[in-house]
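Good morning, and thank you for making time for this. I would like to walk you through one structure, slowly, and we can begin by putting it on the screen.

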Amino acid sequence: MSEHIVPKKTYYAVFGALMVLTALTVFVARFDLPGILNITVALTVAVIKATLVVLYFMHVRYSSRLTQVIVAAGIFWLVIMLVLTASDYVTRNLLAPVARISM
Amino acid sequence: MAQSEATAQHSVVHHPALAHHFENLEQQREASTLGMWIFLITEIMFFGGLFLAYSIYRSWYPQVFAEASHHLDIVLGGINTVVLITSSLTMALAVYYSQVGNQRKLILFLVLTLLLGLTFLGIKVVEYSHKFHDGLIPGVHFRYDGPNPQQAQIFFWLYFAMTGLHALHMIIGAGILSFLIYFAWRGRYSPEYHSPVEVSGLYWHFVDIVWIFLFPLLYLVGFHVKG
Amino acid sequence: MSTAVIHTPAEGAAEPRTTYLNAGHTLKSWLLTLDHKRIGILYLLGVSFFFLIGGIYATLIRLELLTPQGDLVTAQTYNKLFTQHGIMMTFFFLIPSIPAVFGNFLLPIMIGAKDVAFPRLNLLSWYIYMTGALFASYAMFAGGVDTGWTFYPPYSTNYANTYVIATGLGIFIVGFSSILTGLNFIVTIHTMRAPGMTWYRLPLFVWAQYATSLIQVLGTPVLAITLLLVALERTVGVGIFDPRLGGDPVLFQHLFWFYSHPAVYIMVLPAMGVVSEIIATFSRKPIFGYKFVAFSSLAIAVFGFLVWGHHMFTSSQSVYAGMIFSLISYAVAIPSAIKVFNWTATMYRGSISYDSPMLYAMGFIGLFLIGGLTGLFLAALGLDVHVHDTYFVVAHFHYVMVGGSLLAYLGAMHYWWPKMTGRLYPEGWARFAALVVFVGFNLTFFPQFILGYLGMPRRYYTYVPEFQLLHVLSSVGASILAVGLILPAIYLLWSLKRGPIAPADPWMATGLEWRTSSPPPPENFERTPVVTWNAYEFRSKEETEVIGPMGKPDVSERK
Ligand code: HEM
Ligand SMILES: [Cu+2]
């Protein structure tokens, strides 16, 4: 059976990290960073927070390989949906110059 | 009824929570954890459709989204973020106490989690009613003074769809917690058998993760423009 | 219900054996059953009912198309007919058909388990299915839908005057039953296999079910959210997909096809699993390249998610994205081709017997080949611009869905009927019906390839007189096909009362399901089997005689 019991200390540490990251993301959001840096920082922090929750609160770090694969697959499928759809949206306007050349 | 079947069937003394079609509790626990994880995958894809729509429209109308987000209350959203993360901590601790078999602490932390969840929902109600008074509910009564009201309306339907769906999950979570508290109080859970607590914990943390993304995407997108 | 189950633990000493069928006769014992086999039968009743309704719609469609002018129904009614036909057949018949009926019945037995991992969820999924499908049917009778099964906005959101939301809600609900079935199967296959039943000893039907379940779990939620958004847009009109309000209708198509292309594999993968079982049994040879066939199922499930844009070549999707989707679509053909190749190689030099299940399986291979290859025509970006939304497409997907999935469903029905009911059907009639189905099917849908190629658009209720001959041929074919479908309904029902009693293993097949009695006891096996052999390890006739009739589950003395 041997179910892994995560020590309470770990939970408190993760909680502290999540709080710090929340403060950080609010703090950084106040500054007008160049380009897409604002959203990049916001999403990076969010991903780190989510990863902490998944690994420690949800025990994935200590779980079976199967669980880890399932988590990875879920994220991967979401990425498939986002990326392949984006492949349409980001290349739509590329057609314009071609149309001009042919005219 | 399933319990009595299980005991009738084999001479070995079985744990009362073991369903008849499983060989042992370990197999049963493995199955329920796996089942919950697969359910969470479906949840990822379910919310994923909304996140996709958000990405497309935000990339089309970045300024409008930034401006429209000023109508959300960062303080309330921030408080709710803290509340929800704290509730994840208490849930994790509840699972911990179910593993070590401390029934009193288990009940205590389940109740704390439930209270924090209800706090979150209460704050959400306050926020929604503000939006309602400001006429920011998408539809025929939508009123918006800034430029590009139609595109701002896209922001607001995304806001309501995403947070509304999230709130619905919170309500379901609160229902599950109430059941857990009842059964924990009846002494159903032990170090050998506590997978309902564990599995509900997974669900609760997942809902927390959704919010971890919603907060920056909805509340913080336009912060820098004003500040 | 399952209380009766308990009284049969010992060897069947008394004469009338307790089977899952006679372990409780009340209606309640069926409606509250947790036995996966009974739930499979409940699903069989459900999908048969909706197949019948879908078939009635198809009949009306073909009647209308007998003549060039619209004389039988109005344009509006015709729109409802093809929409409701499509919805019934895809969402309420084909998607649940093989997984929910045969998957439910067989999967636990094939892996040597007592039941699926979550029997309660399993029963719940049937109720959800019936609720959703009946609700949508009610909406169809009350007002109908005319958007096409694809629900494209802005028509579905802004213009259609029919019961779009109600029908969509029905499909939304049915989606949850699909998800629950998939979830249940994945967990069952992972956690409930009998001792010795390793992954590479699993029958290929189980591999196919596993791949199907992955698609159900990963794809269906996206359809759910998409339908919700359509309902939202229709009620409040806030620019989710409306270009006048800043939305993008093509976004709907992305979301819809993200589910609906993989959904065609929900329909065909289980069919492929069935065909693998049948081909092995009736060629008396192990499947050639077992691992290739097993992994090609998984490959199809994965690649299936990467190609949805091939339905959108003529939308305003970027051409570059179109090129990418076109290329990847070709990649999906590879695992499908591997399967066809391996089935043929299995039959090569096998000792083939042409029993009715085998006839259906061979029909599947031929028709799926045509359906798949015309799919490649359509996946070619340049060609598709010409034949998109013509009868060429209609013919293509009917070759895959009817020629492929439906034939495999019928094959499965004949192959496992003795196991499920304990009765044998008249084989002569069964072969005759298989032939009628094959002829009727080709006569119905082959002319549609030509029609489409000549430019007949789909979803029109009138057409130019030049097309009449081909349309009449198609309608005649449909009548023949209908006869071919009614025949099995008659002789299978007849066999329930009059058919000879079936032995445990009428086909001398190899799966675990043939090593328990027909029909199986409520707990599937008298003792949990211990598996020491690979899938499709055939025995010689003499060996079978030594071991005796296969009703004994524990054959661990072999090897
Ligand atoms: C049983 C004999 C069948 C006949 C005679 C038949 C006939 C037809 C016809 C004539 C159409 C064209 C409608 C139009 O052009 O507007 C059609 C469409 C369609 N059929 Fe069938 N069909 C049959 C079985 C099936 C089955 C088993 C499926 C299962 C998936 C199916 C799925 C569809 C779908 C999805 C459409 C497209 C609906 C649309 O685009 O609006 N059909 N069928
Ligand atoms: Cu497709």
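Please keep in mind throughout that this is a predicted model.

Let me start with empty space, since a search of the whole structure finds eight cavities of 30 Å³ or more, and the largest cavity has a volume of about 100 Å³. If you turn to the lining of that largest cavity, you will find 13 residues, and those that lie nearest its centre are C:Arg201, C:Pro203, C:Thr510, C:Gly511 and C:Ala535. Sorted by class, the lining of the largest cavity comprises eight nonpolar residues, three polar ones and two charged ones.

Now to the metal, and to the iron atom of ligand 1, which is coordinated by C:His85 and C:His398, each through its NE2 atom, at 2.0 to 2.2 Å. These two residues link distant parts of the chain, for C:His85 sits in helix H3 (residues 75–110) of chain C while C:His398 sits in helix H13 (residues 391–421) of chain C, 313 residues apart. Both C:His85 and C:His398 are buried. Why is the arrangement around this iron atom octahedral? Because the six donor atoms around the iron atom of ligand 1 subtend angles of 83 to 179°.

Finally, chain B, which has eight helices and zero strands. The C-alpha atoms of chain B fill a box of roughly 75 × 30 × 30 Å along the principal axes, and its radius of gyration is 22 Å, whereas a compact globule of 227 residues would have one near 17 Å. Of the 227 residues in chain B, 64% count as buried.

Definitions and conventions. Residues numbered from 1 in each chain as written. Chains lettered and ligands numbered in written order. Predicted model: local features only at pLDDT ≥ 70, side-chain atom pairs only at ≥ 80, totals over all residues. Heavy atoms only, no water. 1 Å grid on protein atoms, 1.4 Å probe; cavity = no way out; pocket = protein on both sides within 12 Å on 5 of 7 lines; lining within 4 Å. Points joined across faces, edges and corners; volume = space filled by probe spheres on them. Nonpolar A, V, L, I, M, F, W, Y, C, P; charged D, E, K, R; others polar. Donors = N, O, S within 2.8 Å, 3.2 Å for Na, K, Ca; no water. Tetrahedral: all angles 85-135°; square planar, octahedral: opposite > 155°, others 65-115°. Helix = DSSP H or I, 4+ residues; strand = E, 2+ residues; numbered from the N terminus. Buried < 20%, exposed > 50% of the residue type's maximum accessible area, 1.4 Å probe, protein only. Rg over C-alpha atoms; globule rule 2.2 N^0.38 Å.
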